[in-house]
Amino acid sequence: MPGNLFIVTAPSGAGKTTLVRGLLARDPQVQLSISFTTRDPRPGERDGREYRFVDVPTFRALRDRGEFLEWAEVHGNYYATSKVWLKEQIAAGRDTLLEIDWQGAQQVRKSFPDAVGVFILPPSLDELESRLRGRGTDSDDVINRRLLGARGEMRHVAEFDYVIINNELQVALEDLVGVVRAARLRYANQHQRHPQYFEFLEQD
Ligand code: 5GP
């Protein structure tokens with residue numbers, strides 16, 4: 001049975017990374033896809049763990065060889081999802097989560113129409129700004145660019161199946177865990193998981 005594919009999208013500062021980490025800790029059956037990026041590692045980030053950090057020529061070469069399922073330029077850097085790896089994981093039945101932007105989400109839906117899209121919203125734009133400044137890892141210039149981008153990103157919320165407003169972390173985490181559990185109960189999944197049950201129902 002193929003794995004479920006989850007796409008989690010949010011403007012930066014909405015708490016997406018914390019929520020996804022919380023989900024992975026709660027549900028070890030979900031694995032994270034490690035994207036390629038051309039941005040510099042932040043303090044504490046390690047190649048192969050948060051991202052595969054590559055330079056622009058390497059990124060372009062991989063892209064031109066058709067290695068990416070999707071790619072996008074976000075805040076002046078390139079990001080991409082590995083095509084072969086993801087297809088293998090889904091075919092092997094592993095539930096996999098992509099933390100990607102709305103442009104990537106649109107491209108992934110074309111190859112995986114059953115992917116479950118989850119959009120995480122911050123409580124408000126004001127709250128988003130104070131979270132981004134509080135993080136202290138990016139310069140003012142970067143933060144201002146991200147705030148501008150956030151509004152544009154949030155306009156794509158309607159393209160997603162589920163919307164989680166991250167007012168309170170614990171509640172939002174329960175919501176995300178709930179979405180994953182619900183996705184596993186979709187008819188097509190249950191039909192494949194319990195074939196005899198459904199064969200019995202389909203008999204005259
Ligand atoms: P950050 O640099 O803060 O880790 O991520 C910046 C943005 O890039 C986030 O919106 C994140 O979702 C997006 N992103 C990360 N990896 C990918 C990817 O593989 N593809 C796409 N399209 N976006 C990504």
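Q: Hi! What relative accessible area does Ser124 have?
A: Ser124 has a relative accessible area of 32%, so Ser124 counts as partly exposed. That label covers everything between buried (under 20% relative accessible area) and exposed (over 50%), using a 1.4 Å probe and protein chains only. One thing to know early: this is a predicted model, where local features need pLDDT of at least 70, side-chain atom pairs count only at pLDDT 80 or more, and totals for chains, interfaces and linings use all residues. Residues are numbered from 1 along each chain as its sequence is written, and side-chain values use heavy atoms, with hydrogens and water left out.

Q: Cool. Where does Ser124 lie?
A: Ser124 is in the loop between strand 8 (116–121) and helix 5. Helices (H or I, at least four residues) and strands (E, at least two) are DSSP runs, numbered from the N terminus. Ser124 is 9.1 Å from Ile165 in space, C-alpha to C-alpha, with their positions 41 residues apart in sequence.

Q: And zooming out, how many helices and strands does the chain have?
A: There are nine helices and nine strands in the chain. The chain's radius of gyration is 18 Å, close to the 17 Å that the globule rule gives for 204 residues, so the chain is as compact as a globular protein of that length. The radius is taken over C-alpha atoms, and the globule rule is 2.2 Å times the number of residues to the power 0.38. The C-alpha trace spans about 65 × 40 × 30 Å along its principal axes.

Q: What share of the residues is buried?
A: Buried residues are 44% of the 204 in the chain.

Q: New topic: which residues come nearest to the ligand?
A: The ligand has 17 residues around it, and Lys16, Ser35, Arg39, Tyr51 and Tyr79 come nearest. To count as near, a residue needs one of its heavy atoms within 4 Å.

Q: What is the distance from the ligand to Tyr79?
A: An N or O atom in the Tyr79 side chain is 2.5 Å from an oxygen atom of the ligand. That is a polar contact, meaning a pair of N or O atoms within 3.5 Å; within protein, one must be able to donate a hydrogen and the other to accept it, and residues adjacent in sequence count only if both atoms are side-chain atoms. The backbone joins in too: a polar backbone atom of Ala80 is 3.1 Å from a ligand oxygen, and one of Glu99 is 3.4 Å from a ligand nitrogen.

Q: How much of the ligand's area does the protein bury?
A: The ligand alone exposes 510 Å², and the protein buries 95% of that. Accessible areas come from the Shrake-Rupley method with a 1.4 Å probe; for residues, only the protein chains shown count as cover.

Q: Switching to charges, how many salt bridges are there?
A: The count is 12, where a salt bridge is a side-chain nitrogen of Lys or Arg within 4 Å of a carboxyl oxygen of Asp or Glu. In one of them, Arg184 pairs with Asp27, with the closest N and O atoms 2.9 Å apart. That pair links distant parts of the chain, with Arg184 in helix 7 (residues 169–184) and Asp27 in the loop between helix 1 (16–26) and strand 2 (30–32), 157 residues apart.

Q: Are Arg184 and Asp27 buried or exposed?
A: Both Arg184 and Asp27 are buried.

Q: Where do Arg131 and Glu127 lie?
A: Both are in helix 5 (residues 125–135), four residues apart, about one turn of the helix. Salt bridges with shared partners also join Asp27, Asp95 and Arg184 into one network. Back in helix 5, the closest N and O atoms of the Arg131–Glu127 salt bridge are 3.3 Å apart.

Q: Last one: which residues make the nonpolar surface patch?
A: Tyr197, Phe200 and Leu201 make a patch of about 390 Å². Patches use residues with over 30% relative accessible area and no salt bridge, joining like charges within 9 Å and nonpolar side chains (Val, Leu, Ile, Met, Phe, Trp, Tyr) within 5 Å. Tyr197 sits in helix 9 (residues 195–202), and Tyr197 is exposed because its relative accessible area is 53%.
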